[in-house]
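Thanks for coming, everyone. I'll go through one structure this morning, starting with its empty space and then moving to the packing and a few single residues. Here it is.

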Amino acid sequence: MEKERGLLHLYCGDGKGKTTTAVGLSIRFAGAGKRVLLYQFMKNNTSSERNILEQIPLITCEKGKDQVKFSFQMTEEEKKQELKENNKKLIEMFQKAKEQEYDLLFLDETLYTIDAGLLSEELLIEELKKKPTKLEVVLTGRNPSEQLIQLADYVSEIKKVKHPFEQGISSRKGVEY
């Protein structure tokens, strides 16, 4: 039955709200009695959404790195190491989702991580093609490739029209992180 097939969602663009949208879907899944596995690339374990998501019994937040640099701050050697570690984590997350029969795999900032050259898109596509049929997958970030757009079932672009950063207002806890 077509309703049983897990679909691929991309929440992308330069606007604020990609992670927030995916968090909302994760909560909706848990509210429907479905299990969610979340991993955040390029973020440490202190984002505010984790504080509440970790309290929801059907949502598992996989621990990431405690210290994370922006890609532009990394040396070439650090970038190579990050690529290797991220590829390993990607495989691990798909495997865990399969073995523990999660309903939704939410991989935050995957598209940004690929765009920064710190995650293999080919590996992601390979994992998507062999995922369990019922597994729903959500990817967030900027600049998805045409290949990922074609592979996806949902593509929502969140476009920045205006942002307080342009007025010199920096990120605020509870809003941007």
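Let's start with the enclosed space. Strand β2 and helix α3 each give at least two residues to the lining of the largest cavity. Keep in mind that this is a predicted model. How many cavities of 30 Å³ or more does it hold? The count is 1. The largest cavity has about 40 Å³ of space.

Who lines that cavity? From β2 onward in the numbering, we have Tyr-39, Gln-40, Phe-41, Met-42 and Lys-43. Then come Lys-65, Val-68, Glu-82 and Asn-86. By class, that lining has 4 nonpolar, 2 polar and 3 charged residues.

Stay with Met-42 for a moment. Met-42 sits in the loop between β2 and α2. Its phi is positive, about 60°, and Met-42 is not a glycine. For context, most residues other than glycine have a negative phi. Is Met-42 buried or exposed? Its relative accessibility is 15%, so Met-42 counts as buried, the cut-off being under 20%.

Now the open space. The largest pocket has about 1,400 Å³. It is lined by 34 residues, and those closest to its centre are Lys-43, Phe-70, Glu-109, Ser-171 and Glu-176. Lys-43 is also on the cavity lining. Two elements give two or more residues to the pocket lining: α1, residues 18-31, and α2, residues 48-53. The largest share, 4 residues, comes from α1. What is the mix by class? The pocket lining has 10 nonpolar, 13 polar and 11 charged residues.

Glu-109 deserves its own stop. Glu-109 is among the residues closest to the pocket centre. Its place is the loop between β4 and α4. Glu-109 also has a positive phi, about 65°, without being a glycine. With a relative accessible area of 17%, Glu-109 is buried, because the limit is under 20%.

On to the packing. The largest nonpolar core has 28 residues. Which residues have the most contacts inside it? They are Phe-94, Leu-105 and Leu-107. Several elements give two or more residues to this core. On the strand side, they are β1 (8-12), β2 (36-40), β4 (104-108) and β5 (136-141). On the helix side, they are α3 (76-99), α4 (110-115) and α5 (121-129).

Take Leu-105 as an example. Leaving aside neighbours within four places in sequence, Leu-105 is in contact with Leu-37, Met-93, Phe-94 and Ala-97. Leu-105 also meets Leu-135, Glu-136, Val-137 and Val-138 under that rule. Note that Phe-94 is on that list, and Phe-94 is itself one of the residues with the most contacts in the core.

There is a second, separate core of 14 residues. Its members include Val-23, Ala-30, Leu-53 and Leu-104.

Leu-53 brings us to Ile-27. Ile-27 is in helix α1. Not counting residues up to four places away in sequence, Ile-27 touches Leu-53, Ile-56 and Ile-59. Ile-27 and Leu-58 are 31 residues apart in sequence, and their C-alpha atoms are 9.0 Å apart. How accessible is Ile-27? At 39% relative accessibility, Ile-27 counts as partly exposed.

Next, a glycine. Gly-174 is found in the segment after β6, which covers 154-157. Its relative accessibility is 60%, so Gly-174 counts as exposed, the cut-off being over 50%. Along the chain, Gly-174 and Ser-47 are 127 residues apart. In space, their C-alpha atoms are separated by 8.5 Å.

Last, the cysteines. How many disulfides does the structure hold? The count is 0. Cys-12 is buried, at 5% relative accessible area. Cys-61 is buried as well, at 14% relative accessibility.

To close, two residues to look at again on screen. Met-42 lines the largest cavity and has a positive phi of about 60°. Glu-109 is among the residues closest to the centre of the largest pocket and has a positive phi of about 65°. Over to you for questions.

Note on methods
Residues numbered from 1 in each chain as written. Predicted model: local features only at pLDDT ≥ 70, side-chain atom pairs only at ≥ 80, totals over all residues. Heavy atoms only, no water. Disulfide = S-S within 2.5 Å. Buried < 20%, exposed > 50% of the residue type's maximum accessible area, 1.4 Å probe, protein only. Core = buried A, V, L, I, M, F, W, Y, C linked by side-chain atoms within 4.5 Å. Contact = heavy atoms within 4.5 Å. 1 Å grid on protein atoms, 1.4 Å probe; cavity = no way out; pocket = protein on both sides within 12 Å on 5 of 7 lines; lining within 4 Å. Points joined across faces, edges and corners; volume = space filled by probe spheres on them. Nonpolar A, V, L, I, M, F, W, Y, C, P; charged D, E, K, R; others polar.
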